[in-house]
Amino acid sequence: MLINDTKVPYELVISGDKKNLSGYSMITFTFNGAENVGVKTMEIKIKRASIAIEDGELIYDNYSTPSRRVKLYGTLVWVGRDSNMTLAGTLTTRSMDMRALNENNFKGQIKLQRKPPPRSKLVSKLDEMGLGDKLSFMQPAAKKEVAAAPQVKEKVPKDSFGEIVIKSSVEVVKRETEVIRTVLFKSDSLVISLYDNGEIDGDTVSLVLNGNIILSKQGLTDKAIRKTIAASEIGDSSKLVLYAENLGRIPPNSGLLILQDGNERYQIRFSGDLQKNSAVILRRRK
């Protein structure tokens, strides 16, 4: 990638078929002598003889300074086939911060050379994050884990605000649990932060680590709810379940989970309802 005559390492993976493409990008730059890496989801569309790409969510970074809300847009055309294929075109960036609209608006060029997955730093990072097996050119999508306990139909009470609530978080095993991410950690502790990732609508969640409730009935807002977990509590591998206590005013129950592992930070968007939990597998890096 070339921005203002400066070369910036950039990788892009594309997954799916022509009717439903998605992907991830990785940008790497040096700041104060340290390598900074950011991984984003990408929206990808085929438009006649070109490919349009657009930044999505930042899902991983180790930035030494707070990340800026900047979105990249590009139009690429492909040349050649198979291992000789290249994608090249133009890019623009746009600041999403109304207070700094002109500070991060740039134009540049992208030229990408096709690589096999083993040589890609981005694919390696996605594997670490538990996302590699969701790529169409890798292994099949991760299977959903279904708890052994049967589904039990029950009357669902409502609170005074009309929001659906659950009697107890110990009933977590009655729901289907989908593992949405695997995180490899190396620090002596993990700092967990929870936010509502959209309109504040009364979503309430509990966090369950290996069957033990570590945060109970927390209402999500735009302010962080934090919890520190010692590595000794996690062991070599643990399952962190996000249990929806209600559906809020706008179903489903959804939010943003941030895991801080030393200088490594993982942003994980989750959602759940009265039939399904989201879960994150935590594994000690060896």
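1. A pocket here is an open set of points on a 1 Å grid over the protein atoms alone, with protein on both sides within 12 Å along at least five of seven lines, and its lining residues have an atom within 4 Å of a point. Volume is the space filled by probe spheres set on the points, which are joined across faces, edges and corners.

2. Please keep in mind that this is a predicted model: local features need pLDDT of at least 70, side-chain atom pairs count only at pLDDT 80 or more, and totals for linings use all residues. Residues are numbered from 1 along each chain, and side-chain values use heavy atoms, without hydrogens or water.

3. The largest pocket has a volume of about 1500 Å³. Of its 45 lining residues, the closest to the centre are Tyr63, Ser67, Arg68, Arg69 and Val70. Strand β4 (a DSSP run of E, at least two residues, numbered from the N terminus) gives the largest share of that lining, six residues.

4. The second largest pocket holds about 1000 Å³. Leu12, Ile14, Met85, Leu87 and Arg114 are the closest to its centre, out of 31 lining residues. Here β3 supplies the largest share, eight residues, and helix α1 (a DSSP run of H or I, at least four residues) is among the elements that supply at least two.

5. A nice detail is α1 itself, residues 121-128, whose buried residues (under 20% relative accessible area, 1.4 Å probe, protein chains only) are Leu122, Val123, Lys125 and Leu126. They line one face of the helix, because they fall within an arc of 160° seen down its axis, taking directions from the axis to the C-beta atoms.

Technical notes. Buried means under 20% relative accessible area, exposed over 50%, partly exposed in between (1.4 Å probe, protein chains only). On a 1 Å grid over the protein atoms alone, a cavity is a set of points where a 1.4 Å probe fits but cannot get out, and a pocket is an open set with protein on both sides within 12 Å along at least five of seven lines; lining residues have an atom within 4 Å of a point.
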